[in-house]
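This report concerns the aromatic rings of one protein and the contacts they make. Please consult the sequence and the structure shown below while reading.

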Amino acid sequence: MTVGRWALRAASLGAALLVWQGLTSLDVNLWLRFEQFPTVDEVASTFWQRAREDAYWHDLGFSLRRIVSGFALAAVLGIAVGTAIARSRIAEDLIGPLLEVLRPIPAIALVPVAILLFPSNEQGIVFITFAAAFFPVLVSTRHAVRALTPVWEEAVLTMGGGRGRVLFSVVLPGALPGIFGGLSVGIGVSWICVISAEMISGEYGVGYRTWQDYTVVDYPGVFVGMVTIGALGWLTSTAVERAGRRLTRWLPSRDASGPVPSSAAARPRTGRGPRRPSRTPDHAAPAGAAVTGPVGPAGPTGPTGPGSAPETSPERTREVTR
(Lines give C-alpha, C1' and ligand atoms only; values in the text may rest on other atoms or scores of the structure.)
Protein backbone atom coordinates (compact mmCIF):
# COMPACT_ATOMS: atom_id res chain seq x y z
CA MET A 1 0.00 0.00 0.00
CA THR A 2 1.32 3.42 -0.92
CA VAL A 3 1.99 6.26 1.50
CA GLY A 4 -0.82 8.26 -0.07
CA ARG A 5 -3.39 5.60 0.70
CA TRP A 6 -2.21 5.33 4.31
CA ALA A 7 -2.44 9.11 4.63
CA LEU A 8 -5.96 9.10 3.19
CA ARG A 9 -7.10 6.43 5.66
CA ALA A 10 -5.55 8.27 8.59
CA ALA A 11 -7.22 11.49 7.46
CA SER A 12 -10.59 9.75 7.25
CA LEU A 13 -10.26 8.40 10.78
CA GLY A 14 -9.08 11.77 12.08
CA ALA A 15 -12.03 13.52 10.47
CA ALA A 16 -14.46 11.12 12.16
CA LEU A 17 -12.85 11.79 15.55
CA LEU A 18 -13.07 15.55 14.99
CA VAL A 19 -16.77 15.30 14.17
CA TRP A 20 -17.34 13.18 17.28
CA GLN A 21 -15.46 15.67 19.46
CA GLY A 22 -17.35 18.61 18.02
CA LEU A 23 -20.82 17.09 18.43
CA THR A 24 -20.22 15.95 22.01
CA SER A 25 -18.34 19.00 23.28
CA LEU A 26 -21.02 21.36 21.93
CA ASP A 27 -23.85 19.19 23.33
CA VAL A 28 -25.64 19.09 20.00
CA ASN A 29 -29.26 18.09 20.52
CA LEU A 30 -31.17 18.21 17.26
CA TRP A 31 -32.89 15.00 16.18
CA LEU A 32 -29.95 12.98 17.56
CA ARG A 33 -28.94 13.71 21.14
CA PHE A 34 -25.22 13.98 21.80
CA GLU A 35 -25.29 15.72 25.19
CA GLN A 36 -25.04 12.36 26.99
CA PHE A 37 -22.21 11.07 24.85
CA PRO A 38 -18.68 11.16 26.28
CA THR A 39 -16.17 13.24 24.38
CA VAL A 40 -13.10 11.85 22.66
CA ASP A 41 -10.93 13.24 25.45
CA GLU A 42 -12.94 11.42 28.13
CA VAL A 43 -12.81 8.12 26.24
CA ALA A 44 -9.08 8.48 25.62
CA SER A 45 -8.44 9.27 29.30
CA THR A 46 -10.48 6.24 30.41
CA PHE A 47 -8.73 4.02 27.89
CA TRP A 48 -5.31 5.11 29.13
CA GLN A 49 -6.39 4.38 32.70
CA ARG A 50 -7.74 0.94 31.78
CA ALA A 51 -4.68 0.04 29.72
CA ARG A 52 -2.51 0.37 32.82
CA GLU A 53 -4.65 -2.17 34.71
CA ASP A 54 -4.16 -5.92 34.52
CA ALA A 55 -7.92 -6.53 34.39
CA TYR A 56 -8.17 -4.93 30.95
CA TRP A 57 -5.56 -7.21 29.40
CA HIS A 58 -6.99 -10.18 31.27
CA ASP A 59 -10.41 -9.60 29.69
CA LEU A 60 -8.83 -9.04 26.28
CA GLY A 61 -6.96 -12.35 26.54
CA PHE A 62 -10.15 -14.24 27.42
CA SER A 63 -12.01 -12.82 24.43
CA LEU A 64 -9.15 -13.57 22.04
CA ARG A 65 -8.84 -17.14 23.29
CA ARG A 66 -12.55 -17.75 22.78
CA ILE A 67 -12.44 -16.26 19.29
CA VAL A 68 -9.40 -18.27 18.20
CA SER A 69 -10.80 -21.55 19.56
CA GLY A 70 -14.27 -21.20 18.07
CA PHE A 71 -13.11 -19.75 14.76
CA ALA A 72 -10.43 -22.39 14.21
CA LEU A 73 -12.96 -25.16 14.84
CA ALA A 74 -15.47 -23.49 12.52
CA ALA A 75 -12.87 -23.08 9.77
CA VAL A 76 -11.84 -26.75 9.81
CA LEU A 77 -15.36 -28.19 10.01
CA GLY A 78 -16.88 -25.60 7.68
CA ILE A 79 -14.38 -26.31 4.90
CA ALA A 80 -14.66 -30.08 5.37
CA VAL A 81 -18.47 -30.19 5.47
CA GLY A 82 -18.87 -27.65 2.67
CA THR A 83 -16.55 -29.63 0.40
CA ALA A 84 -18.34 -32.88 1.22
CA ILE A 85 -21.77 -31.41 0.45
CA ALA A 86 -20.55 -29.89 -2.82
CA ARG A 87 -18.97 -33.12 -4.09
CA SER A 88 -21.16 -35.87 -2.64
CA ARG A 89 -24.88 -36.31 -3.23
CA ILE A 90 -25.11 -38.65 -0.24
CA ALA A 91 -23.62 -36.02 2.09
CA GLU A 92 -25.89 -33.37 0.61
CA ASP A 93 -28.99 -35.51 1.16
CA LEU A 94 -28.02 -36.61 4.67
CA ILE A 95 -26.80 -33.44 6.34
CA GLY A 96 -27.78 -30.71 3.89
CA PRO A 97 -31.45 -30.36 5.02
CA LEU A 98 -30.48 -30.30 8.70
CA LEU A 99 -27.90 -27.58 8.15
CA GLU A 100 -30.31 -25.50 6.08
CA VAL A 101 -32.82 -25.61 8.96
CA LEU A 102 -30.20 -24.57 11.52
CA ARG A 103 -28.53 -21.91 9.38
CA PRO A 104 -31.21 -19.15 9.73
CA ILE A 105 -31.13 -19.40 13.55
CA PRO A 106 -29.02 -16.55 15.00
CA ALA A 107 -26.04 -17.80 16.93
CA ILE A 108 -26.91 -15.60 19.90
CA ALA A 109 -30.27 -17.40 20.11
CA LEU A 110 -28.32 -20.58 20.92
CA VAL A 111 -27.16 -19.19 24.28
CA PRO A 112 -29.87 -21.04 26.26
CA VAL A 113 -28.96 -24.23 24.41
CA ALA A 114 -25.29 -23.72 25.24
CA ILE A 115 -26.10 -23.13 28.92
CA LEU A 116 -28.10 -26.36 29.08
CA LEU A 117 -25.75 -28.41 26.94
CA PHE A 118 -22.26 -27.56 28.20
CA PRO A 119 -21.02 -27.94 31.78
CA SER A 120 -19.27 -24.53 31.87
CA ASN A 121 -19.91 -21.05 30.53
CA GLU A 122 -16.51 -21.01 28.86
CA GLN A 123 -17.36 -23.99 26.66
CA GLY A 124 -20.76 -22.52 25.87
CA ILE A 125 -19.26 -19.22 24.70
CA VAL A 126 -16.78 -21.07 22.46
CA PHE A 127 -19.72 -23.00 21.02
CA ILE A 128 -21.56 -19.75 20.24
CA THR A 129 -18.45 -18.42 18.51
CA PHE A 130 -18.14 -21.63 16.52
CA ALA A 131 -21.80 -21.55 15.45
CA ALA A 132 -21.47 -17.94 14.30
CA ALA A 133 -18.49 -18.61 12.00
CA PHE A 134 -19.41 -22.11 10.84
CA PHE A 135 -22.23 -21.30 8.44
CA PRO A 136 -20.52 -18.47 6.50
CA VAL A 137 -17.50 -20.74 5.95
CA LEU A 138 -19.75 -23.67 4.99
CA VAL A 139 -21.79 -21.73 2.45
CA SER A 140 -18.81 -20.02 0.83
CA THR A 141 -16.91 -23.31 0.54
CA ARG A 142 -19.89 -25.08 -0.98
CA HIS A 143 -20.40 -22.41 -3.63
CA ALA A 144 -16.67 -22.12 -4.39
CA VAL A 145 -16.27 -25.88 -4.92
CA ARG A 146 -19.35 -26.12 -7.11
CA ALA A 147 -18.16 -23.22 -9.25
CA LEU A 148 -14.95 -25.01 -10.29
CA THR A 149 -14.74 -26.06 -13.91
CA PRO A 150 -14.65 -29.86 -14.36
CA VAL A 151 -11.90 -29.61 -16.98
CA TRP A 152 -9.16 -29.47 -14.34
CA GLU A 153 -10.46 -32.52 -12.53
CA GLU A 154 -10.78 -34.45 -15.77
CA ALA A 155 -7.21 -33.56 -16.67
CA VAL A 156 -5.88 -34.95 -13.37
CA LEU A 157 -7.94 -38.12 -13.74
CA THR A 158 -6.72 -38.55 -17.29
CA MET A 159 -3.12 -38.41 -16.10
CA GLY A 160 -3.79 -41.15 -13.54
CA GLY A 161 -4.50 -39.08 -10.43
CA GLY A 162 -6.86 -40.41 -7.78
CA ARG A 163 -9.55 -38.74 -5.71
CA GLY A 164 -7.07 -37.54 -3.11
CA ARG A 165 -4.90 -35.91 -5.76
CA VAL A 166 -7.95 -34.22 -7.27
CA LEU A 167 -9.04 -32.93 -3.87
CA PHE A 168 -5.71 -31.48 -2.76
CA SER A 169 -4.38 -30.43 -6.18
CA VAL A 170 -7.52 -29.10 -7.87
CA VAL A 171 -10.55 -28.67 -5.60
CA LEU A 172 -9.10 -27.00 -2.51
CA PRO A 173 -6.57 -24.74 -4.31
CA GLY A 174 -9.20 -23.67 -6.84
CA ALA A 175 -11.76 -22.91 -4.12
CA LEU A 176 -9.36 -20.98 -1.85
CA PRO A 177 -10.47 -17.47 -2.92
CA GLY A 178 -14.09 -18.25 -2.12
CA ILE A 179 -13.17 -20.04 1.09
CA PHE A 180 -11.24 -17.06 2.41
CA GLY A 181 -14.17 -14.82 1.58
CA GLY A 182 -16.27 -16.91 3.95
CA LEU A 183 -13.51 -16.91 6.57
CA SER A 184 -13.33 -13.12 6.46
CA VAL A 185 -17.08 -12.85 7.01
CA GLY A 186 -17.01 -15.53 9.70
CA ILE A 187 -14.40 -13.82 11.86
CA GLY A 188 -16.46 -10.64 11.93
CA VAL A 189 -19.66 -12.47 12.88
CA SER A 190 -17.73 -14.36 15.55
CA TRP A 191 -16.80 -11.11 17.29
CA ILE A 192 -20.41 -9.96 17.27
CA CYS A 193 -21.65 -13.16 18.85
CA VAL A 194 -18.83 -13.71 21.35
CA ILE A 195 -19.36 -10.22 22.78
CA SER A 196 -23.09 -10.84 23.06
CA ALA A 197 -22.49 -14.22 24.71
CA GLU A 198 -20.07 -12.67 27.20
CA MET A 199 -22.66 -10.04 28.08
CA ILE A 200 -25.27 -12.71 28.79
CA SER A 201 -23.38 -15.56 30.43
CA GLY A 202 -19.74 -14.59 30.69
CA GLU A 203 -17.62 -13.87 33.72
CA TYR A 204 -14.62 -12.34 31.96
CA GLY A 205 -13.98 -10.77 28.58
CA VAL A 206 -14.39 -7.48 26.76
CA GLY A 207 -18.12 -7.99 26.32
CA TYR A 208 -18.65 -8.79 29.98
CA ARG A 209 -16.67 -5.73 31.08
CA THR A 210 -18.55 -3.48 28.66
CA TRP A 211 -21.89 -4.67 30.03
CA GLN A 212 -20.71 -4.09 33.59
CA ASP A 213 -19.74 -0.52 32.70
CA TYR A 214 -23.20 0.03 31.24
CA THR A 215 -24.93 -1.23 34.39
CA VAL A 216 -23.00 1.29 36.54
CA VAL A 217 -23.61 4.10 33.98
CA ASP A 218 -19.92 4.44 33.10
CA TYR A 219 -20.36 5.59 29.52
CA PRO A 220 -16.69 6.35 28.83
CA GLY A 221 -15.94 2.76 29.90
CA VAL A 222 -18.64 1.51 27.54
CA PHE A 223 -17.02 3.37 24.66
CA VAL A 224 -13.62 1.98 25.62
CA GLY A 225 -15.09 -1.49 25.28
CA MET A 226 -16.64 -0.61 21.93
CA VAL A 227 -13.38 0.79 20.58
CA THR A 228 -11.51 -2.29 21.85
CA ILE A 229 -13.97 -4.63 20.14
CA GLY A 230 -13.70 -2.69 16.88
CA ALA A 231 -9.90 -2.70 16.96
CA LEU A 232 -9.72 -6.43 17.71
CA GLY A 233 -12.21 -7.23 14.94
CA TRP A 234 -10.25 -5.14 12.46
CA LEU A 235 -6.92 -6.76 13.38
CA THR A 236 -8.25 -10.33 13.15
CA SER A 237 -10.06 -9.68 9.87
CA THR A 238 -6.89 -8.14 8.43
CA ALA A 239 -4.89 -11.18 9.55
CA VAL A 240 -7.33 -13.54 7.79
CA GLU A 241 -7.27 -11.46 4.58
CA ARG A 242 -3.47 -11.31 4.55
CA ALA A 243 -3.28 -15.06 5.03
CA GLY A 244 -5.67 -15.46 2.10
CA ARG A 245 -3.52 -13.25 -0.15
CA ARG A 246 -0.40 -15.18 0.81
CA LEU A 247 -1.99 -18.55 0.06
CA THR A 248 -3.43 -17.32 -3.25
CA ARG A 249 -0.34 -15.57 -4.62
CA TRP A 250 -0.93 -17.30 -7.95
CA LEU A 251 -4.01 -15.14 -8.55
CA PRO A 252 -3.60 -11.88 -10.53
CA SER A 253 -3.66 -8.91 -8.17
CA ARG A 254 -4.63 -5.33 -8.91
CA ASP A 255 -1.88 -2.92 -7.98
CA ALA A 256 -2.71 0.60 -6.97
CA SER A 257 -0.59 2.00 -9.82
CA GLY A 258 -2.22 0.21 -12.73
CA PRO A 259 -4.52 -2.49 -14.06
CA VAL A 260 -4.30 -6.17 -13.36
CA PRO A 261 -1.02 -7.49 -14.80
CA SER A 262 -1.35 -10.27 -17.28
CA SER A 263 0.88 -12.12 -19.65
CA ALA A 264 0.18 -12.55 -23.33
CA ALA A 265 0.65 -16.29 -23.00
CA ALA A 266 -2.05 -16.49 -20.35
CA ARG A 267 -4.69 -14.73 -22.43
CA PRO A 268 -7.28 -16.93 -24.08
CA ARG A 269 -6.81 -17.29 -27.82
CA THR A 270 -9.75 -17.00 -30.10
CA GLY A 271 -10.10 -18.38 -33.59
CA ARG A 272 -8.95 -21.62 -35.13
CA GLY A 273 -5.74 -20.56 -36.83
CA PRO A 274 -2.40 -19.71 -35.27
CA ARG A 275 -1.78 -16.24 -33.91
CA ARG A 276 -0.58 -13.94 -36.64
CA PRO A 277 2.77 -12.27 -36.09
CA SER A 278 2.41 -8.58 -35.39
CA ARG A 279 5.88 -7.65 -36.68
CA THR A 280 6.12 -6.90 -40.36
CA PRO A 281 9.07 -8.22 -42.37
CA ASP A 282 12.16 -6.06 -42.47
CA HIS A 283 12.42 -6.40 -46.28
CA ALA A 284 9.29 -5.82 -48.29
CA ALA A 285 8.96 -7.07 -51.83
CA PRO A 286 9.42 -4.35 -54.47
CA ALA A 287 6.45 -3.34 -56.50
CA GLY A 288 5.76 -5.72 -59.36
CA ALA A 289 8.28 -8.32 -58.14
CA ALA A 290 7.21 -11.95 -58.13
CA VAL A 291 7.10 -13.55 -54.75
CA THR A 292 7.95 -17.21 -54.73
CA GLY A 293 8.53 -17.72 -51.00
CA PRO A 294 6.22 -19.70 -48.75
CA VAL A 295 2.92 -18.10 -47.94
CA GLY A 296 1.37 -18.56 -44.50
CA PRO A 297 -1.74 -17.26 -42.80
CA ALA A 298 -0.20 -13.79 -42.53
CA GLY A 299 0.89 -13.56 -46.16
CA PRO A 300 4.30 -13.93 -47.84
CA THR A 301 7.28 -14.19 -45.58
CA GLY A 302 9.42 -12.06 -47.89
CA PRO A 303 11.06 -12.01 -51.32
CA THR A 304 13.06 -15.01 -52.39
CA GLY A 305 15.32 -15.47 -55.31
CA PRO A 306 18.58 -17.00 -56.37
CA GLY A 307 21.06 -16.95 -53.55
CA SER A 308 18.52 -15.74 -50.94
CA ALA A 309 16.60 -17.75 -48.34
CA PRO A 310 13.22 -16.91 -46.89
CA GLU A 311 13.51 -14.66 -43.89
CA THR A 312 12.42 -16.36 -40.68
CA SER A 313 12.12 -14.41 -37.46
CA PRO A 314 12.40 -16.01 -34.03
CA GLU A 315 8.72 -15.21 -33.42
CA ARG A 316 7.78 -16.97 -36.66
CA THR A 317 9.90 -20.00 -35.75
CA ARG A 318 8.16 -20.38 -32.40
CA GLU A 319 4.78 -19.98 -34.06
CA VAL A 320 5.49 -22.71 -36.61
CA THR A 321 6.72 -25.13 -33.96
CA ARG A 322 3.41 -24.79 -32.21
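At 21% relative accessibility, phenylalanine 127 counts as partly exposed, since the partly exposed class lies between the 20% and 50% limits. The model examined here is predicted. Phenylalanine 118 is likewise partly exposed, with a relative accessible area of 24%.

A search of the whole structure yields 10 aromatic pairs. Among them is a stacked pair formed by phenylalanine 62 and tyrosine 204, with 5.1 Å centre to centre and 25° between the planes. Because phenylalanine 62 belongs to helix α3 (residues 54-87) and tyrosine 204 to the loop between α8 (163-201) and α9 (206-215), this pair ties together parts that are 142 residues apart in sequence. Phenylalanine 62 counts as buried at 16% relative accessibility, whereas tyrosine 204 counts as partly exposed at 37%. Phenylalanine 118 and phenylalanine 127 form a tilted pair, at 5.2 Å centre to centre and 45° between the planes.

The two pairs described are set out below.

| Pair | Centre to centre | Angle between planes | Arrangement |
|---|---|---|---|
| Phenylalanine 62 and tyrosine 204 | 5.1 Å | 25° | stacked |
| Phenylalanine 118 and phenylalanine 127 | 5.2 Å | 45° | tilted |

Phenylalanine 62 also has a charged neighbour: arginine 65 lies over the face of its ring, at 4.7 Å from the ring centre. The ring of phenylalanine 62 is thus involved both in the stacked pair with tyrosine 204 and in the contact with arginine 65.

Which residues form one aromatic cluster? The cluster consists of Trp20, Phe34, Phe37 and Phe223.

Definitions and conventions:
Residues are numbered from 1 along each chain as its sequence is written. This is a predicted model: local features need pLDDT of at least 70, side-chain atom pairs count only at pLDDT 80 or more; totals for chains, interfaces and linings use all residues. Side-chain values use heavy atoms; hydrogens and water are left out. Rings of Phe, Tyr and Trp (its six-membered ring) pair if their centres lie within 6.5 Å; planes under 30 degrees apart count as stacked, over 60 as edge-to-face and the rest as tilted. Helices (H or I, at least four residues) and strands (E, at least two) are DSSP runs, numbered from the N terminus. Buried means under 20% relative accessible area, exposed over 50%, partly exposed in between (1.4 Å probe, protein chains only). A charge sits over a ring if NZ of Lys or CZ of Arg is within 6 Å of the ring centre and within 35 degrees of the ring normal.
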